[in-house]
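Reader: Hey, could you walk me through a protein model? I'm new to this, so plain words please.

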Amino acid sequence: MNTIRCDVLVIGAGAAGLMCALTAGQRGRRVQVIDHANKVGKKILMSGGGRCNFTNTGTTAGNFLSANPHFCKSALARYTPADFIEMVERHRIAYHEKELGQLFCDISSKQIVRMLLDECDAAGVQIRTDCGVQDIERGSDGFRVQTAQGLFHCASVVIATGGLSIPSMGASGFGYEVARRFGHEVLPTRAGLVPLTLSGRHQERFAELSGVGLPIEARCNGQRFRNFMLLTHRGVSGPAILQISSFWQPGDDLRLDLLPDRDAEQWLREMKRERGAAELRTVLSEVIPRRLSLRLCEHWLADKPVRQLDEREIKATAALLADFPLVASGTEGYRTAEVTLGGVDTRKVSSSTMESQLVPGLHFIGEVLDVTGWLGGYNFQWAWASGAAAGNAV
Ligand SMILES: Cc1cc2nc3c(=O)[nH]c(=O)nc-3n(C[C@H](O)[C@H](O)[C@H](O)COP(=O)(O)OP(=O)(O)OC[C@H]3O[C@@H](n4cnc5c(N)ncnc54)[C@H](O)[C@@H]3O)c2cc1C
């Protein structure tokens, strides 16, 4: 088997790995990137509905979940959304802001992969796909990494193999295994940014409403997200639900404000005054989707002319609409999750170089680390920033 010598071996040709490789390559390092999948950047390609929400202009450390919330600050400060936007503009990729600082390609996420590959190429980086890793050893003269395409001998190894979400796209627990093997702790992982499933009464009552969507505010464990919710045949999805899913665990209290843009009590009193003869379901159908209104009136709310609602009923109805207790039974899991929460404990990793504090020359970047962004371009910004931090250090 041939031996390939390089300065840096990046394992994982996703967002973080490619960014690390091009940064190190630009510094004159000899960089090899390997990936076990048949294609690079698969998650970039499928992201943002094919248009890649590649960053968020409002990114702060507060948009990330981690057992060590300060860890991400240094890298995020040194490689900012503006830095990535500069590269996107240099490559003449047209983009637009969708909402809340979220930047998307106008045409296709393929352009982001093309840009990263062109930058890698210009920096002399070599990339190999269909190249799984069989073994990693560290000796006195660096790392020896046995792969399907030969033995790599290098001074630095960068683990950029991502998390567990979407196994069909090449996700594996490889990075966690390597971390454990070299003495790192891996914090418990679970699916994040993921649809929630319902069971029992709530599942029975909502399943038929699959396809119905509305703006809501989802609240759980002190967090609140105002955005769209979609009812599905298994439960609930849509941006508000994906966001709150990262803060929810089975058994936690999850509340939905179904009328996020109005004061429910005031609105009911107004309806009683002005539309007294109308049934509750009729006036409700004017502010939330009709099928949902009918279902709520069938099972949870008094279905009668609003003038007949006494003060106690107005308060109870408003409370249900503004603070609906949704009993989720679980999540759809890694099959559909956008990210993996938890991962390599950052407390033994340098926040400025992403280098292991236990094994010199070993780096961890991107989603494999216990740093998980909200929905909205934050996860890619973390991949770029942590990739750049390691790429400037290896
Ligand atoms: C459907 C979907 C949509 C998303 N949309 C967005 C979005 O619009 N904006 C956003 O910010 N985030 C989005 N995300 C999240 C984002 O894609 C990830 O957070 C980001 O890709 C993580 O980058 P990474 O480089 O750490 O890992 P990845 O991009 O997952 O790359 C890891 C790479 O490592 C390779 N690999 C894995 N195991 C091995 C192994 N054993 N040997 C060799 N190679 C291996 C994989 O094949 C892969 O190429 C989305 C995720 C999904 C699933």
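Author: Let's go through the overall layout, the ligand surroundings, two backbone oddities and some strands. One thing up front: this is a predicted model.

Reader: Okay! How many helices and strands does the chain have?

Author: The secondary structure comes to 13 helices and 21 strands. The C-alpha trace spans about 85 × 40 × 35 Å along its principal axes.

Reader: And how much of it is buried?

Author: Buried residues account for 46% of the 394 residues in the chain.

Reader: Which domains is the chain divided into?

Author: There's domain 1, made of 3-189 + 341-391, and domain 2, covering 196-331. Their centres, taken over C-alpha atoms, are 40 Å apart.

Reader: How many residues does each one put into the contact?

Author: Domain 1 gives five residues and domain 2 gives four. On the domain 1 side, four of the residues touching domain 2 are nonpolar, one is polar and none is charged.

Reader: What about contacts in the chain as a whole, how many join residues at least 24 apart?

Author: If you take contacts between residues at least 6 apart in sequence, 72% of them join residues at least 24 apart.

Reader: New topic: the ligand. Which residues come nearest to it?

Author: There are 36 residues around the ligand, and the nearest are Gly 12, Gly 14, Gly 162, Gly 170 and Gly 366.

Reader: What classes of residue make up that shell?

Author: The shell has 15 nonpolar, 16 polar and five charged residues.

Reader: Which helices supply at least two residues of it?

Author: Helix 1 (15-26), helix 2 (42-46) and helix 13 (378-391) each do. Helix 13 gives the most, with four residues.

Reader: Now the backbone oddities. Which residues other than glycine have a positive phi?

Author: Asp 130 is one of them, with phi near 50°. Another is Met 354, where phi is near 65°.

Reader: Where is Asp 130?

Author: Asp 130 is in the loop between strand 7 (126-128) and strand 8 (133-139).

Reader: And is Asp 130 buried or exposed?

Author: Asp 130 counts as exposed, because it has 12 C-beta neighbours inside 10 Å and the exposed class covers 12 or fewer.

Reader: What about Met 354, where does that lie?

Author: Met 354 is also in a loop, the one between strand 19 (339-344) and strand 20 (362-364).

Reader: Why does Met 354 count the way it does, buried or exposed?

Author: Met 354 has 32 C-beta neighbours inside 10 Å, so it counts as buried. The cut-off for buried is 20 or more.

Reader: Cool. Last topic, strands! How do strand 13 and strand 14 pair?

Author: Strand 13 (residues 213-220) and strand 14 (residues 223-231) run antiparallel, with eight bridges between them. In that pairing, Gly 213 sits opposite Leu 230 of strand 14.

Reader: What's in the turn between strand 13 and strand 14?

Author: The two strands form a hairpin with two residues between them. Asn 221 is in that turn, and its phi is positive at about 45°.

Reader: Where does strand 15 come in?

Author: Strand 15 (residues 235-237) pairs with strand 14, again in the antiparallel sense, over two bridges. Here Leu 231 stands opposite Val 236 in strand 15.

Reader: How many residues join strand 14 to strand 15?

Author: Three residues, and that connection is a hairpin too.

Technical notes: Residues numbered from 1 in each chain as written. Predicted model: local features only at pLDDT ≥ 70, side-chain atom pairs only at ≥ 80, totals over all residues. Domains from an automatic or database assignment. Contact = placed C-beta atoms within 7 Å. Nonpolar A, V, L, I, M, F, W, Y, C, P; charged D, E, K, R; others polar. Near = placed C-beta within 6 Å. Pairing = 2+ DSSP bridges.
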